[in-house]
Amino acid sequence: MQKLLLILTILLALILITLVISLPRENQQFFSETRSTIGKSGYWETNFFKKIILLIVSILLFLILIFYMIQTA
């Protein structure tokens with residue numbers, strides 16, 4: 001069981017790294033006014049499916065790591 005959890009954790013971590021690398025960088029504008037961003041696409045509108053998969057994989061990795069810590073305690 002522990003070998004399976006370890007292999008699954010490594011696999012999810014590699015998938016997470018690959019997904020983060022594949023996403024384009026978002027521009028951050030700290031100095032702009034809030035009125036200048038009206039009408040522009042939001043964070044979730046571009047690459048929506050990649051971002052959803054990234055969110056699901058990161059939540060799964062977090063839950064598996066917690067489950068692994070409970071199993072080894």
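The paragraphs below lead from the chain as a whole to its two helices and then to individual residues in this predicted model.

The chain holds 2 helices and 0 strands, and its buried residues make up 15% of the 73 residues. About 6,300 Å² of the chain is exposed, and carbon and sulfur atoms supply 70% of that area. When contacts with a separation of 6 or more are considered, 82% of them join residues that are 24 or more positions apart.

The pairing of the two helices is the next thing to look at. Helix H1 covers residues 2–22 and helix H2 covers residues 48–72, and their axes come within 9 Å and cross at roughly 155 degrees. Angles over 145 degrees count as roughly antiparallel, and the crossing angle therefore makes H1 roughly antiparallel to H2. The crossing of H1 and H2 is left-handed, and the residues of the contact between them divide into 17 nonpolar, 6 polar and 1 charged.

Between the helices, one residue in the loop deserves a look. Asn47 is found in the loop between H1 and H2, and its phi is positive, at about 55 degrees, although Asn47 is not a glycine. With a relative accessible area of 34%, Asn47 is partly exposed.

From this loop, the reader can follow helix H2 through several of its residues, beginning with Lys50, which lies in helix H2. Lys50 has a relative accessible area of 34% and is partly exposed. When residues up to four places away in sequence are not counted, Lys50 touches Ser22 and Leu23. The C-alpha atoms of Lys50 and Leu23 are separated by 7.5 Å, although these two residues stand 27 residues apart along the chain.

Leu54, also a residue of helix H2, has a relative accessibility of 15%. The cut-off for a buried residue is under 20% relative accessible area, so Leu54 counts as buried. Once its neighbours within four places in sequence are left aside, Leu54 is in contact with Leu16, Leu19, Val20 and Leu23. One of these partners, Leu16, is 38 residues away from Leu54 along the chain, yet the C-alpha atoms of the two are separated by 6.5 Å.

Val57 is likewise found in helix H2, and at 9% relative accessibility it counts as buried. Apart from residues up to four places away in sequence, Val57 touches Leu12, Ile15, Leu16 and Leu19. Between the C-alpha atoms of Val57 and Ile15 the separation is 7.7 Å, while the two residues are 42 residues apart along the chain. Leu16 and Leu19 are among the residues in contact with Leu54, and both are also among those that Val57 touches.

Further along the chain, Tyr68 is found in helix H2 and counts as partly exposed, at 24% relative accessibility. Leaving aside neighbours within four places in sequence, Tyr68 is in contact with Gln2 and Leu5. The C-alpha atoms of Tyr68 and Thr9 are separated by 9.1 Å, and the two residues are 59 residues apart along the chain.

Thr9 gives the view from the other helix, for its place is in helix H1. Is Thr9 buried or exposed? Its relative accessible area is 13%, and Thr9 is therefore buried. With neighbours within four places in sequence left aside, Thr9 is in contact with Leu61, Ile64 and Leu65.

Taken together, these residues give a residue-by-residue reading of the pairing described earlier. Lys50 of helix H2 touches residues that include Ser22, whereas Tyr68 of helix H2 is in contact with residues that include Gln2, and H1 is roughly antiparallel to H2 because the axes cross at roughly 155 degrees.

How values were computed:
Residues are numbered from 1 along each chain as its sequence is written. This is a predicted model: local features need pLDDT of at least 70, side-chain atom pairs count only at pLDDT 80 or more; totals for chains, interfaces and linings use all residues. Side-chain values use heavy atoms; hydrogens and water are left out. Helices (H or I, at least four residues) and strands (E, at least two) are DSSP runs, numbered from the N terminus. Buried means under 20% relative accessible area, exposed over 50%, partly exposed in between (1.4 Å probe, protein chains only). Contact means heavy atoms within 4.5 Å. Accessible areas come from the Shrake-Rupley method with a 1.4 Å probe; for residues, only the protein chains shown count as cover. Axes are lines fitted to C-alpha atoms, for helices over the stretch in contact, and angles run from 0 to 180 degrees between N-to-C directions. Angles under 35 degrees count as roughly parallel, over 145 as roughly antiparallel, 65 to 115 as roughly perpendicular and the rest as oblique. A crossing is left-handed if the near helix is turned anticlockwise from the far one by less than a right angle, and right-handed if clockwise. Ala, Val, Leu, Ile, Met, Phe, Trp, Tyr, Cys and Pro count as nonpolar, Asp, Glu, Lys and Arg as charged, and the others, Gly among them, as polar.
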